[in-house]
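Visitor: Please take a close look at the ligand site. I would also like the open and enclosed spaces in the protein covered.

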Amino acid sequence: MDHFDYRNGVLHAEDVPLPEIAATVGTPVYVYSAATFRRHYQLFDEALAGMDHLICYAMKANGNLAVLKLMNDLGAGVDVVSGGEYAKARAAGVPGERIVFSGVGKTRDEMRAALEGGIRQFNVESEPELLALGEVAVAMGLRAPMALRVNPDVDARTHAKIATGKSENKFGIPISRAREVYARAAALPGIEVVGVDVHIGSQLTDLAPFEAAFEKLADLTRALRADGHVISRLDLGGGLGIPYDQGNSMPPQPHDYGEVVRRTVGDLGCEIEIEPGRLIAGNAGILLSRVIWLKHGEGRDFLIVDAAMNDLVRPAMYEAYHDIVPVVQPAPGAARAPVDVVGPVCETGDTFVRGCEMPVLGSDDLIAFRSAGAYGAVMASEYNMRPLVPEVMVSGDQFAVIRARPSFDEMINRDKVPEWL
Ligand code: LLP
């Protein structure tokens, strides 16, 4: 499903050999494939064909301006979760009527900015938020289009830190209380009820939780319509998982997901909105890194590479696994040995994988962490005074730096020492 392949024994991003990018931009660096982004968007678009729909790319997965432009050119909408994301989506040229605003803690300032700039809908997650949104809109002489995010109490069967649809999670309004809250919303002059929203979690590798949640949403929609509300949109959230171990696992495809959507909510005549992030961006990116040393420890060997937990935090944070492959394909039958792949940061948590059977590599060899296009660069930091990892976009045989690596001077000069100190 991606465009990172070996050609003549060298890993390429589309038509560009990765060693060329490493030589020009340095490492570590994220490398994205424009064709892969487009393909993933199209898979969802085809999966929902025949139903009125809008794919609102969850930019939290990868919010680079170039990625947003690419998605916007395809006609995608965007799911934003902060005033900053809203501003960036607008800066990328996304029209307000294609932006949905999610998140449990929107401030009044963020609501105002989105109402001023134009917004498709707010996905409201609590009663205090609903009341505040109503007040802000009235003060501006507007009505805020709103869907209530309901919590369907469904187990997404994913990592605990990224499950959102159980009653113990902070997200949404319990579905059992939804009718009462919609009645309240309908009475507010600043609120225009447009739909219902749900998002149960991320990296789901099984369709059953989606099916359970969407069925509950369909029942709720019928009940709300019987109560007299106009429900014309259903926002089904994101969450479809991707294979992180090439070839070993095969999560359901967008096509299968589309069938679940059709089966559960397809007959309601609503416009379907979905908010995929990971499936669009994940396998559209790799993190390119260089081996610093191979260190022989007692009973185990460490491959110390120049990427670290500050560049790709997912393994440290969620025990996530990313396939790590050599950029130069080893000869058939070449020696392999187990190694721990680690970064230079001064924490044991800065470990990408333990005891991984890999071709024997040494100083200066290039490796690629696969499936790193989503929740990679966006979660990077400058911990240990390591420059924020740069990003490169490839399309065909062209590539461009879409975020440059800051210099030490730029990093140092961001800090200010007060005169009186
Ligand atoms: N919509 C809402 C309201 C969300 O909270 C999320 C993700 C999405 C859509 C997109 O979900 P996706 O299609 O990407 O699964 N940093 C974590 C993932 C956090 C996901 C948060 N919400 C990771 O690296 O696994």
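Guide: A residue is taken as near a molecule or strand if one of its heavy atoms lies within 4 Å of it. Around the ligand there are 18 residues, and S202, E275, R278, R314 and Y375 come nearest. This is a predicted model, in which local features need pLDDT of at least 70 and side-chain atom pairs count only at pLDDT 80 or more, while totals for chains, interfaces and linings use all residues. Residues are numbered from 1 along each chain as its sequence is written, and side-chain values use heavy atoms, with hydrogens and water left out.

Polar contacts (pairs of N or O atoms within 3.5 Å) tie several residues to the ligand. S202 places a polar side-chain atom 2.4 Å from a ligand oxygen atom. R278 instead uses a backbone N or O atom, 2.7 Å from an oxygen atom of the ligand. For D79, a polar side-chain atom is 3.4 Å from a ligand nitrogen atom. On its own the ligand has 590 Å² of accessible area (Shrake-Rupley method, 1.4 Å probe), and the protein covers 91% of that area.

Next, the open spaces. On a 1 Å grid over the protein atoms alone, a pocket is an open set of points with protein on both sides within 12 Å along at least five of seven lines, a cavity is a set where a 1.4 Å probe fits but cannot get out, and lining residues have an atom within 4 Å of a point. The largest pocket holds about 680 Å³ of space (volume being the space filled by probe spheres set on the points, which are joined across faces, edges and corners). Its lining has 33 residues, with K60, V81, F171, H199 and Y375 closest to the centre. Y375 is thus named both here and among the residues that come nearest the ligand. Helix 10 (278-281) and helix 11 (314-318) each supply at least two lining residues; helices are DSSP runs of H or I with at least four residues, strands runs of E with at least two, numbered from the N terminus. By class, the lining of the largest pocket has eleven nonpolar, ten polar and twelve charged residues (Ala, Val, Leu, Ile, Met, Phe, Trp, Tyr, Cys and Pro being nonpolar, Asp, Glu, Lys and Arg charged, and the others, Gly among them, polar).

The second largest pocket has a volume of about 240 Å³. Of its 14 lining residues, Y6, I324, V325, P326 and R336 lie nearest the centre. Strand 16 (324-326) and strand 18 (351-359) each give at least two residues to this lining, and strand 18 gives the most, with four. Here the classes are nine nonpolar, one polar and four charged.

As for enclosed space, the structure holds two cavities of 30 Å³ or more. The second largest cavity, at about 40 Å³, is lined by F44, G237, G238, G239, L240, Y257, I274, E275 and P276. Five of these lining residues are nonpolar, three polar and one charged. E275 appears in this lining and is also one of the residues that come nearest the ligand.

Technical notes. Polar contact = N/O pair within 3.5 Å; in protein donor to acceptor, adjacent residues only side chain to side chain.
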